[in-house]
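Here are a few short exercises on charged pairs and cysteines. Have the sequence and the structure at hand, and try each task before reading its solution.

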Amino acid sequence: AHSGYWSWKGRHRFLKAHGVQTLLDASDLPSSRVNTWGAADAEMLQTVLSWIDQHPEQPFCVLFYTIQTHHPYVVQASQPPRFACSDPELERYLQAIWEADQLVGRLVRELHRRGLGQRTLVVVTADHGESFGQHGQRIHSFALYEPAVRVPLVLLWPGWKTAQHFHHPCQQVDLLPTVLGLLGQEVPPDLDGQPLWHQQPQRLLPMVATGNGLLFAARCGPWKYHYDLETGHEELYHLGQDPGEQHNLASQWPQRCRRMRHRTLQALVSRHRWIVRRTRGASMR
């Protein structure tokens, strides 16, 4: 379920080809459109709940993809400013995030009201972060700095008696094996990700951004490396000491940069070769 439109960039074809049984989006809610991006998140949530109610005893897996936190950040006009930001866009964004949080609360309450709260895993995450002037970036431009790639990950799981916190960095590909593990399902050995509780602190996490150029980045422990494939420009930051990525240490650590560049490109090339072989049966050297 998406408050936007699955047809954008042909995502509906991709999802159908990969086994998704039901697609709901803003076209199912023509009267609640909030802008050109889509419809009101609250209305789509109600549609999701109605879909669950059609078969209340049947196990389900639902992705609810909101849209109001996307630029230009749709908020309820009646709400007074809550965060007192000098940047009006940042104020709207934070307000939209707050309202999305209220929506998650409503979802959890509705699941409990239906007797599903103690046997449903709820995962809250995002597809990207947002920038408001850091490194000259606005919105989610083509860069790999922390404001763009750092996203929330919250798992509400009734099987946990106490809260657990994972402080090491992870990637969205780790979500599937984590969910499968929590639900007691077998985790396929060929998945790219790893369950949150099986990860090594020094695991390399590669990243790619395309748009105005071809950018690579990698996270390994506290170190964050950036590399522009076209210009050769590189940046290195110690996020433990410099979380805002303000002090480029690449010139001071050339060997670390070389190692991280080599490992990053090797990981990305290996991964894409595997994808091509699997999807096309191609033979690659």
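**Exercise 1: a pair across the chain**

In this predicted model, the salt bridges come to a count of 10. Your task: find which residue forms a salt bridge with Asp53, and work out which parts of the chain the pair ties together.

Solution, step by step:

- Start with the general idea: side chains of opposite charge can pair when their charged atoms come close.
- Apply the cut-off, which is a Lys or Arg side-chain nitrogen within 4 Å of an Asp or Glu carboxyl oxygen. Asp53 and Arg114 pass, since their closest N and O atoms are 2.6 Å apart.
- Now place the partners. Asp53 belongs to helix 2 (residues 41-54), while Arg114 sits in the loop between helix 3 (88-113) and strand 3 (122-125), so the bridge connects parts 61 residues apart in sequence.
- Finally, look at the surroundings. Asp53 is partly exposed, at 39% relative accessible area, and Arg114 is also partly exposed, at 23%.

**Exercise 2: a second acid, and a pair to compare**

Take Glu110 and Asp174 in turn: which arginine does each one bridge to, and is each acid buried or exposed?

Solution, step by step:

- Glu110 bridges to Arg114, with 2.5 Å between the closest N and O atoms. With a relative accessibility of 17%, Glu110 is buried.
- Asp174 pairs with Arg203, where the closest N and O atoms lie 2.9 Å apart. This pair links distant parts of the chain, 29 residues apart: Asp174 is in the loop between strand 6 (153-156) and helix 5 (175-182), and Arg203 is in the loop between helix 5 and strand 7 (204-210).
- Both of these partners are buried: Asp174 has 0% relative accessibility, and Arg203 has 14%.
- As a last step, follow the shared partners. Asp53, Glu110, Arg113 and Arg114 are joined by their salt bridges into one network.

**Exercise 3: checking the cysteines**

How many disulfides are there, and how far from Cys61 is the nearest cysteine sulfur?

Solution, step by step:

- The disulfide count is 0.
- For Cys61, the nearest cysteine sulfur belongs to Cys170 and is 18 Å away, so Cys61 is in no disulfide by the 2.5 Å cut-off. Cys61 is exposed, at 78% relative accessible area.
- For Cys170, the closest cysteine sulfur is in Cys220, at 15 Å, which is too far for a bond. Cys170 counts as partly exposed, at 32% relative accessibility.

Notes. Residues numbered from 1 in each chain as written. Predicted model: local features only at pLDDT ≥ 70, side-chain atom pairs only at ≥ 80, totals over all residues. Heavy atoms only, no water. Helix = DSSP H or I, 4+ residues; strand = E, 2+ residues; numbered from the N terminus. Buried < 20%, exposed > 50% of the residue type's maximum accessible area, 1.4 Å probe, protein only.
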